[in-house]
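Work through the following exercises with the sequence and the coordinates at hand. Each one sets a task and then solves it step by step.

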Amino acid sequence: MGQRSSLNQAISPSTLCATCAALNIKQILRDGLPEESKICLGLLPDIMDKSDRCGMCCLVSDLIRRRWRLHDFPNADLQNINFYLSSRQFVENTTDPRGRTPCHRLYIHASHRLPDIQRRLVNTGGALYLDIQLLEEDSRKLSRSRDLHGRRIEEEVDWRPSDECLPDFVRMIDVTKMALVPASPDCRYLALSYNIKTRVHPTGLDVSILPATIRDTLHLTRQIGERYLWIDALCILQDSPVDKGAQICIMDLIYSRAAFTIFAASGQSVSPGSRSVTQHIECVQGLHLTIPLPSLSEALTESNWNTRGWTFQEILLSRRRLVFTKHQMYFECAKDVWCEDVVAETKTLSSSTVMSLPNYPEASYMTVRNYLTAVAGYSQRRLTVESDIVAAITALLNVLTRNYEPTGSDPKKAFPFGMWIRHLDTSLLWQPSLHEALVRRTAADGNHPRWPSWAWTGWKGAVQYGNESQMLNGSDSDIHARPDESLVTAWHIVDQDRGTIRLDVETILASWTVPANAEQTNPQMYARSGNYASDPELEFLPPPGTLIFRTRRAHFQAIKVDDGVVNTDSAAAHAVFHVVPVDPSPQSNAGRIILPASVASPTTFEFIVLSRCDGIRGIYDELTWGERYYGCLLHVMAVQETPDDSRVKERVGIGVIVESAWMKSHEEERVMLLA
């Protein structure tokens, strides 16, 4: 079944099974049906079995397949899942001027969700609810306004007609003259963000040789009455390193000053008449019902555009966004998201947010927490040129530097290798995604064969800043809080000229205001390392990017956790390990760490201390090492010798050790060289 049509094409009334025929859809949509009174539709296999002969079952089956992405779970056991029907107001506390409730939707409830499906929905930001909407053309049958009801998607799109200035080296496409022209300082223009970056020689604008996405965007710009358009492939001299470097450094200005950015997120054309409609409509009891198309967040999550590294900052920095996906078109600003399949642009809804905004923090107001979240999102994306890992977020780092660093700060010094140096104690605590392998990133210029191991940019693969709960249950966790105390006094780095520079790291001082629910006051025993002027004076030259700092080191064993909670996926690239003293006894769990799953168990590593944290229960054996108290855990890094020089170390993993166990180890203070 699954009928698709244009607005003027009639859809034949659907036949219904006995269960669905007994429903009074019109009354349910008009009066609502609370969840506690929901009606059982039956088991999922039965609903799917009837989908070829019942229009309502066809809608419900298609809805579940799409939202739950069942094509990714071909072996899922769906046998015992019951589904129920209810109805409630789509946007709460919203009425039109005549006092009428504008819209109810049908909601489909599952008796339970399979854990794998639940995890996928949460990780991808998918909708946890299942809903069916009434099309606007039938709203009058319920004496309702058109507001917030569904709308048919057409094959054609019907187009209707910052204080900072642009530098003088910026170029724009004049879509009227079809020529590249210098941009005026206050130029009004549109920008394009698209999936596949094609090298285009900008000496001429022969439309016949331009990629379809660029041709369509030029046409669209003219059609909506704008004259100037910025497209990287045409407006940047791709074969000029000087021009390319200058333009990359002002990407934050380019995207934030655009009147709006056009996002070709489908990877296909953006022209009218270029798409096939995927809207599923059924006529049930004389009412035209349809499955709502994905939200903007969902549509972007499933697009190839969303996997590209360069597009991450483009959407983050654009103040208004016109997004084309394979499903429909969306327009988003700071207040609202408007889409084609919901009627939401009438005067009665002129200031009402009717869809959830994607979870993109506004770049101008990003906090350290937002930075950590952005790193996690960006690291999941892919780059054609791996050495672009920092260049592709230069615009974002420029914004952070301008807003949070002292006036005149250099972003390259504030964020070497993409790490926020002012908050280095926090920046060092990144963890790998347990299910994705990390591979060291190699520099393209050959001057430094590998990027630093301590930086997340030094690795290809997804990372996150999860807290210690990740080591207890093996799942992605909330963003890590700032450490409770800095335990390294001074940090230096080897620059590209092989000199050493003191880093401006914000020291976190212990502030032991113990929470009311804390078990006891904190008898800290580990004291912060000292700082000596001779620490950065070395007899040899370590690689550029090497951190130099004084801390304490000790040796512990890593033993893979086998508790039936973590490490249950044999295919996972990383695993959780107990940290156990080497000597003396007791040989009891003193902490946990995440390491590559390929690490043999047990393996002895050298551990170095970074900072202090509070942690959570279950990380170590309290019967052996004492009851948990506020600030009892040390953030530690397992390190190993680099292949080229045993005096220089590299990161293996990050974990925590209870300080009472650390103080009983054979620790010693050393100047560490961490490449």
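**Exercise 1: A hairpin and its turn**

In this predicted model, β10 and β11 make a hairpin in which two residues lie between the strands, and Q285 in the turn has a positive phi of about 55°. Describe how β10 pairs with β11 and which way the residues of β10 point.

Solution. Begin with the pairing: β10 and β11 (residues 287-290) run antiparallel and are joined by four bridges. One pair can then be placed, since V284 stands opposite L287 in β11. Next, take the side chains of β10 (residues 281-284), where I281 and C283 point one way while E282 and V284 point the other way. This fits the general rule that side chains in a regular strand alternate between the two faces of the sheet. Finally, consider burial: the four residues I281, E282, C283 and V284 are all buried.

**Exercise 2: The open sheet and the helix across it**

Work out in which order the eight strands of the open sheet lie, and which strands helix α6 lies across.

Solution. The order is β6-β5-β8-β7-β9-β12-β13-β14, and the pairing is mixed. At the edges stand β6 (179-182) and β14 (337-339), each of which has a single partner strand, so one side of each lacks a neighbour in the sheet. On average, neighbouring strands of this sheet are turned by 30° against each other when direction is ignored. Within the sheet, β9 (residues 260-264) and β12 (residues 321-324) run parallel and are joined by four bridges, with F324 in β12 as the bridge partner of A264.

Now add helix α6 (residues 212-223), which lies across β5 (171-174), β7 (190-194), β8 (228-230), β9 and β12 and runs at about 155° to β7. Its length can be checked: at 1.5 Å a residue, the twelve residues of α6 should span 16 Å, which agrees with the 16 Å between its end C-alpha atoms. The buried residues of α6 are T213, I214, D216, T217, L218, L220 and T221, and the buried residues of this helix pack against β5, β7, β8, α7 (232-235), β9 and β12. Just after α6 comes G225, whose phi is positive at about 85°.

**Exercise 3: A tryptophan in the sheet**

Decide whether W230 is buried or exposed, and find what it touches.

Solution. W230 belongs to strand β8. Because its relative accessibility is 0%, W230 counts as buried. Leaving out residues up to four places away in sequence, W230 touches a set of residues that includes V170, M172, Y189, L190, L192, I236, M251, I254 and Y255. One of these contacts can be followed along the chain: L192 is 38 residues apart from W230, and their C-alpha atoms are separated by 6.5 Å.

**Exercise 4: Nonpolar cores**

Identify which element gives the largest share of the largest nonpolar core.

Solution. This core has 51 residues, and those with the most contacts inside it are M419, L424, W454, W456, W491 and L547. Among the elements that give two or more residues to it are α11 (311-317), α12 (368-379), α13 (394-404) and β22 (547-560). The largest share, five residues, comes from α12. Taking W456 as an example, its contacts beyond four places in sequence include Y371, V375, Y378, M419, W430 and Y465. Apart from this core lies another, of 40 residues, among them L210, I231, A233 and F260.

**Exercise 5: Backbone exceptions and confidence**

Most residues other than glycine have a negative phi, and most peptide bonds are trans. Locate exceptions, and then judge where the coordinates call for caution.

Solution. R69, in the loop between α4 (55-68) and β2 (82-89), has a positive phi of about 50°, and its 25% relative accessibility means that R69 counts as partly exposed. F417, in the loop between α14 (411-414) and α15 (424-427), has a phi near 55°; because its relative accessibility is 16%, F417 counts as buried. A cis peptide bond, with omega about 5°, joins S601 and P602.

As for confidence, the chain averages a pLDDT of 85, and 85% of the residues score at least 70. The pLDDT stays under 50 over residues 93-100, and residues 350-357 are also below 50. Where pLDDT is low, the predicted coordinates should not be read in detail.

Key: Residues numbered from 1 in each chain as written. Predicted model: local features only at pLDDT ≥ 70, side-chain atom pairs only at ≥ 80, totals over all residues. Heavy atoms only, no water. Core = buried A, V, L, I, M, F, W, Y, C linked by side-chain atoms within 4.5 Å. Buried < 20%, exposed > 50% of the residue type's maximum accessible area, 1.4 Å probe, protein only. Contact = heavy atoms within 4.5 Å. Pairing = 2+ DSSP bridges. Axes fitted to C-alpha atoms, helices over the stretch in contact; angles between N-to-C directions. Expected span 1.5 Å × (residues − 1). pLDDT = per-residue confidence, 0-100.
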